[in-house]
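Visitor: I have a protein on my screen and no idea where to begin. Could you walk me through it, one feature at a time?

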Amino acid sequence: MEDPIPLLIPRYMPTSMLEDKPRVWLGTGSCNLLQKTKDSIDELSFWAWSDLLVALKHYQDSPRTATSSGVLEKCLDSLVGRLAMASEVTPCASTSPPDSSGLRISFNTRSTQSSNKGLFRATWWFEDLSALSPNLIEMLVKSMVSRGYNHVIVSGFLFYYQKSKFYTASSDEKREVLEIVIDMLYTLDPSSISCKSLFGVLRPVLRSNISKSCRNKLESMIGSQLDQATIDNLLIPSYGRSYLYDVNLVLRFLKAFLREGGSESSPIRMKKVASLIDLYITEVAPDRCLKSSKFSALVMVLPDSARDSWDELYHAMDIYLEVHTGLSKEEKMKICGGLNYKKLSSEACMHLSQNTKFPSTSAVQALISQQWKLKNLLEGMHNAKHYTDFTAKEDRGREQVVVYNEKLRAQLKGMQWRVMELEKVCKKMQNQMAKIMKAKVLTHSDARPLPRLCS
């Protein structure tokens, strides 16, 4: 059977070409028809924007035939060339698509309206190309990337394309669109991709049966930008599971963040992620179906250096232990094993020492931590006092030394007052611990004696 390409290509020739040349190809032999086809392909650069779109939409139904003849690639190459030219030339105040000559670049008023004129000029073609098939979109994006097209605009188009197919495509078509969009996004510069938009793609992905490879790519992209996420982004329902939120998914995000070098590239990014995860742990702690192993994994997934304060995490543990009253001693010990007592505030340590939901060893650790802080404070005051005595022997005739000593004395008074306050707190905590341990001795004959915490 004769190849259909030569019979179809001339249909999309510009009207001016058809008027200037005799139409003998309609009824003559194949040689003249093939020559006419070749001339039409060679003159793709003169085709109107609408002609290129019509040709692409037609050949997307039979891409193998069009690809074998090179027509599809040439149409896409011409289209991408015009988009690249349009991104470099200031658009005119015209309402028509790009004309065939390329001398005047304009945009289609059917495109998404935007208050930002620069963005509107860069995205006028989104709606026109959203009608193309996923396979053509893949070829289009690869061509744009190879030409060095702006990755921010390319990623914006991919998100637009995915949304445009959300309500009109079938389940299989949605899955194909999602896989193509994710694969293409994965080839772009990560800094050009919006974290918020990635979470927008994640929602339909969780409800569709896409390939594991694409799912892993999406999770990796989100994980690498986890410091830009919000608590609302992470509160993703756990579809098909007993617990409320998808904790496993968040754990994979965290592992992807650490794998992509989030802990090494910037301590600021790490601390932002730690603050976010502390909020997340507090949100999921009341879930009665959340297993202690998953809660412990959330607590210990980040390194100790990620947090300056562990008060928020202690608060989340307190909520979890209050809700999950049936935990064994071993499970409680594993949960509390992630606490850094030295990074708890004095108020948190005081609360922990009286918190019967925590194991008694945790209360002891809290008191030891307070003793360590008190010891460091006393040593600091002692060193400061020796330094004051030394400076007192210096020449007090110099005004700067006198002023310095006055300031230092004021600081010492403040430190002495703080030491007295800490001694009162320590004594009060010791008395409370004595009562707690005494009560436990009455019920457990093998309980340990109260350790000497304050000398």
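Visitor: Let's start with one residue. Does arginine 147 count as buried, exposed or partly exposed?

Guide: Between under 20% for buried and over 50% for exposed lies the partly exposed range. Arginine 147 comes out at 42% relative accessibility, so it counts as partly exposed. Keep in mind that this is a predicted model.

Visitor: Where is arginine 147 found?

Guide: Look in the loop that joins helix H9 (134-146) to H10.

Visitor: And which residues does arginine 147 contact, leaving aside its neighbours within four places in sequence?

Guide: Those partners are Asp77, Val80 and Gly81. Try alanine 84 too: 63 residues separate it from arginine 147 in sequence, yet their C-alpha atoms are 8.1 Å apart in space.

Visitor: What share of the contacts with a separation of 6 or more is between residues 24 or more positions apart?

Guide: In this protein, that share is 68%.

Visitor: Okay, let me zoom out. How many helices and strands does the protein have?

Guide: You'll find 23 helices and zero strands. Of the 455 residues, 44% are buried. As for the outside, the accessible surface comes to about 24,800 Å², and carbon and sulfur atoms make up 54% of that.

Visitor: With helices everywhere, how do I read a pair of them?

Guide: Two packed helices are described by the angle between their axes and the distance between those axes. Take H10 (residues 151-164) and H11 (residues 171-186): their axes come within 10 Å and cross at roughly 170°. An angle over 145 degrees counts as roughly antiparallel, and H10 and H11 are therefore roughly antiparallel to each other.

Visitor: Which residues of H10 and H11 meet?

Guide: On the H10 side you have Ser155, Leu158, Phe159, Tyr161 and Gln162, and they meet Val177, Leu178, Val181, Met184 and Leu185 of H11. Sorted by class, that contact has eight nonpolar residues, two polar ones and no charged ones.

Visitor: Now a single helix. Which residues of H18 are buried?

Guide: In H18 (residues 292-300), they are Ser292, Phe295, Ser296, Leu298 and Val299. Look down the axis of H18 and these buried residues fall within an arc of 160°, so they line one face of the helix.

Visitor: What do the buried residues of H18 pack against?

Guide: Four helices: H15 (247-259), H17 (267-284), H19 (311-323) and H20 (329-336).

Visitor: Back to loops, then. Is tyrosine 341 buried or exposed?

Guide: Buried, because its relative accessibility is 12%. Tyrosine 341 sits in the loop between H20 and helix H21 (346-353). Its C-alpha is 6.8 Å from that of glutamine 365, which is 24 residues away in sequence. Leucine 344 belongs to the loop between H20 and H21 as well, and with 2% relative accessibility it counts as buried. The C-alpha atoms of leucine 344 and tyrosine 314 are separated by 8.2 Å, although the two are 30 residues apart along the chain.

Visitor: And what about serine 242, buried or exposed?

Guide: Serine 242 counts as exposed, because its relative accessibility is 60%. You'll spot it in the loop between helix H14 (231-234) and H15. Measure across to cysteine 289 on your screen: the C-alpha atoms are 6.5 Å apart in space, with the two positions 47 residues apart in sequence numbering.

Technical notes: Residues numbered from 1 in each chain as written. Predicted model: local features only at pLDDT ≥ 70, side-chain atom pairs only at ≥ 80, totals over all residues. Heavy atoms only, no water. Axes fitted to C-alpha atoms, helices over the stretch in contact; angles between N-to-C directions. Helix = DSSP H or I, 4+ residues; strand = E, 2+ residues; numbered from the N terminus. Parallel < 35°, antiparallel > 145°, perpendicular 65-115°, else oblique. Contact = heavy atoms within 4.5 Å. Nonpolar A, V, L, I, M, F, W, Y, C, P; charged D, E, K, R; others polar. Buried < 20%, exposed > 50% of the residue type's maximum accessible area, 1.4 Å probe, protein only. Arc of directions from axis to C-beta. Areas by Shrake-Rupley, 256 points an atom, 1.4 Å probe, with all protein chains shown as cover.
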